[in-house]
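Please examine the sequence and the three-dimensional structure shown here, and keep both in view while reading. The paragraphs that follow lead through them step by step.

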Amino acid sequence: MTTPSTIVHVALHTPSHSGVGDLLSYASPRPLAPGTLVRVPLGKREVLGVVWDAQEATGELPEGAAMRPIAGVLEGLDPLSQPWRRLVAFAARYYQRALGEVALAALPPQLRDLQPDQLARRLRRPPQGTAGGNASNAIEAIALTVEQESVRARISSESGPFLLFGSTGSGKTEVYLRCVQEALEADPTAQALVMVPEINLTPQLEERFTTRFAPRFGSQAVVSLHSGMTNPQRLKSWLAAHSGVARIVLGTRMAVFASLPGLKIIVVDEEHDPSYKQQEGARYSARDLAIWRGREQGAKVLLGSATPSLETWHASRPPTAEDPEGGRYVRLAMPSRIGAGALARVRRVDMNQQPRRAIFSAPLLAAITERVARGEQSMVLLNRRGYAPVLHCADCGWKSDCPHCSAHQVFHKADRTLRCHHCGYTVRVPRACPTCGSPDIHSMGRGTEQLEEQLGDLLSEVLRPDRTPARIARIDADTTKARGSLEAQLAQVHSGEVDVLVGTQMIAKGHDFRRITLVAAVQPDGALFSSDFRAPERLFALLMQAAGRAGRDAAYMAAQGTQCEMWVQSFHPQHPVYEALRTHDYAAFAAQQLKEREEAAMPPFAYQALVRADARTQEVAQGFLTAATAAAHAAALPGLEAVTLFPPVPLTIQRVANVERAQMLMESSSRAALQRFLAAWQPVLQVTRSAPEHKGLVRWLVDVDPLVI
Ligand code: ADP
Ligand code: ZN
Ligand code: ZN
């Protein structure tokens with residue numbers, strides 16, 4: 001055995017709250033560069049770790065403990081770069097998680113299980129079909145429109161970060177493609193990161209990037225990174241990005257942590273999408289980290305959306321007389337649709353004037369019927385899956401409540417089940433009321449399954465131009481569970497097999513449907529009265545995105561001699577959200593919302609964080625938060641003078657899977673003060689948790705910049 005000669009500090013995933021420092025020290029027979037991947041003993045196990053910079057080592061070896069030697073080095077892999085380590089360290093600090101946890105979660109899962117010799121074998125495998133790019137067999141890019149070209153030129157010459165504020169169908173994707181191409185052609189080692197909200201929803205995008213870039217930069221140039229991939233696939237993409245073979249990584253939020261030593265440009269498509277926020281573990285915002293990473297690594301950052309988040313909109317405000325600085329981002333606008341296509345005309349139906357229980361108002365039904373008869377497609381949106389949200393007994397008032405959650409079990413007619421969408425608890429639909437035995441049980445409210453059924457009845461006599469009956473399809477989380485089924489169903493829509501597509505928000509996002517000319521939101525009002533201050537913003541974005549699925553092919557619209565429409569059925573048709581939708585006026589909507597937010601000192605004019613506690617009882621959950629708050633005040637923690645701590649409250653859905661949930665909100669006009677406070681509070685929370693009176697606590701977590709409060 002070699003005599004250990006150096007100490008290395010290793011980041012690894014230690015059990016959370018184990019009290020062990022962020023980095024553990026090991027002995028190594030030779031010095032190892034920071035970023036080197038190693039296998040080290042931890043307790044009785046052997047785990048993957050990343051050699052970290054010595055100056056960041058915090059954990060002290062306990063007195064008298066012998067330093068254990070590392071077990072092996074993953075040879076053949078370049079060390080993870082310093083910018084990558086800095087990104088991980090920043091994310092851990094900012095989102096209040098352990099460094100090792102974030103570092104290891106950022107690596108492909110399979111890397112954790114590979115022994116050095118197994119990895120060496122993987123690396124020796126020659127990459128298949130890397131035939132070098134030959135630009136001449138690339139499909140030549142289409143000419144940019146004037147708007148696209150002016151935006152491209154500014155992105156090329158300025159440093160950003162940029163908000164590309166482009167209408168749905170304005171050709172944002174083409175701009176991304178050009179900017180990426182330019183960056184990659186300027187430097188043979190340059191790499192691009194392109195993030196999308198949910199890759200499964202946009203198989204088209206992957207194809208567009210591959211078609212464009214594989215001929216130019218080689219068949220290995222474009223790789224994907226998302227959770228729908230198998231572990232071996234993810235490892236393969238990750239290695240390709242890490243080694244520089246891959247020039248473009250196309251991925252979901254997790255891709256923000258990809259190792260990209262040559263990173264020169266980051267694109268965040270549909271930057272407003274809530275799925276960029278991770279909702280477990282380190283609750284990071286991939287969009288916000290992209291901005292940070294771009295600045296640190298000297299890469300351009302391009303955020304794109306037709307309905308930007310209010311945070312991004314505010315950050316990209318142009319300078320004015322009163323505000324000569326303006327925001328930190330550069331706002332670039334592309335208001336026109338490609339081919340001079342018009343945005344959907346918005347038609348509001350006042351549901352107060354319709355028969356009481358109608359799902360489809362008469363004028364909407366007539367409009368859909370007409371479109372089917374002309375061979376055009378329609379899309380009907382309802383953000384609730386299942387047949388009905390609850391079953392109800394007319395005699396005794398029983399409701400299909402989940403026994404484990406403070407929520408109803410949803411009625412699914414297709415398989416005759418009642419299913420809880422929070423904990424998954426499923427039972428057969430009872431024939432009679434479980435409480436009083438009455439057979440008189442009905443469903444209340446409606447979901448996509450019911451919509452599909454009703455439309456089938458209502459359109460049963462309607463024929464398409466070829467005299468065949470109208471065809472209805474549904475796409476939601478229930479119809480797309482099987483791998484590949486979403487792709488197959490979308491393909492049916494694209495090929496024109498479907499006349500009316502019913503679905504949840506899954507169908508509203510990103511798709512480049514060519515023949516949809518009508519989109520309808522049948523029951524969008526719920527979000528207007530939500531207690532969540534972001535609900536109007538989300539509703540507006542959803543409806544604008546949905547409207548953007550209609551009339552995307554100007555030539556088709558002209559040939560059909562048709563106009564595209566967005567229908568909204570509402571009991572409050574004059575609501576400002578629908579007024580702004582009618583005029584497609586995102587700017588006016590944003591201005592009104594930002595004014596309210598400023599007056600109420602809410603984000604983006606204030607910074608927030610949450611601490612959530614889960615326990616067997618609400619009392620214990622809230623008791624923990626109250627005690628931790630008292631401890632923070634008693635210790636007069638730094639930052640506290642500028643942070644408001646609100647009292648604990650139960651979550652909207654208070655109990656899930658028999659666990660009671662409570663949370664408390666913190667708010668500050670200073671992000672730095674909030675960060676200082678959270679860092680100081682973390683150890684206090686740990687200590688509070690171990691007090692005997694909080695024994696019933698199941699877990700607690702911190703959510704910085706929460707999206708849902
Ligand atoms: P967005 O991402 O803004 O919704 P896309 O980039 O998907 O829009 O563009 C909408 C459609 O217009 C796509 O089918 C795309 O191929 C086409 N398109 C984009 N730019 C051009 C252009 N310069 N000339 C012709 N067609 C274009
Ligand atoms: Zn009953
Ligand atoms: Zn439940």
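In this predicted model, a backbone N or O atom of G169 lies 2.8 Å from an oxygen atom of ligand 1. Side chains also approach the ligand: a polar side-chain atom of Q148 is found 2.8 Å from one of its nitrogen atoms, and an N or O atom in the side chain of R208 is 3.2 Å from an oxygen atom of ligand 1. On its own, ligand 1 has 560 Å² of accessible area, and the protein covers 81% of this.

The wider surroundings of ligand 1 may be considered next. The ligand is surrounded by 18 residues, of which the closest are A143, Q148, G169, K172 and D512. By character, the shell consists of 4 nonpolar, 8 polar and 6 charged residues. Helix α6, formed by residues 172-186, gives the most to this shell, with 3 residues. Where does ligand 1 lie with respect to domain 2 and domain 3? Because domain 2 (146-334) and domain 3 (341-385 + 447-598) both give residues to the shell, ligand 1 lies between them.

Attention now turns to a single residue, E270. This residue is placed in the loop between β10 (263-269) and α9 (286-297). Is E270 buried or exposed? Its relative accessibility is 12%, and a residue is called buried when this value is under 20%; E270 therefore counts as buried. Leaving aside neighbours within four places in sequence, E270 is in contact with Y176, P197, Y276, G304, S305, G510 and Q545. By way of comparison, E270 and L74 are 196 residues apart in sequence, and their C-alpha atoms are 37 Å apart in space.

Conventions:
Residues are numbered from 1 along each chain as its sequence is written. Chains are lettered from A and ligands numbered from 1 in the order in which they are written. This is a predicted model: local features need pLDDT of at least 70, side-chain atom pairs count only at pLDDT 80 or more; totals for chains, interfaces and linings use all residues. Side-chain values use heavy atoms; hydrogens and water are left out. A residue is near a molecule or strand if one of its heavy atoms lies within 4 Å of it. A polar contact is a pair of N or O atoms within 3.5 Å; within protein, one must be able to donate a hydrogen and the other to accept it, and residues adjacent in sequence count only if both atoms are side-chain atoms. Accessible areas come from the Shrake-Rupley method with a 1.4 Å probe; for residues, only the protein chains shown count as cover. Helices (H or I, at least four residues) and strands (E, at least two) are DSSP runs, numbered from the N terminus. Ala, Val, Leu, Ile, Met, Phe, Trp, Tyr, Cys and Pro count as nonpolar, Asp, Glu, Lys and Arg as charged, and the others, Gly among them, as polar. Domain bounds come from an automatic or database domain assignment. Buried means under 20% relative accessible area, exposed over 50%, partly exposed in between (1.4 Å probe, protein chains only). Contact means heavy atoms within 4.5 Å.
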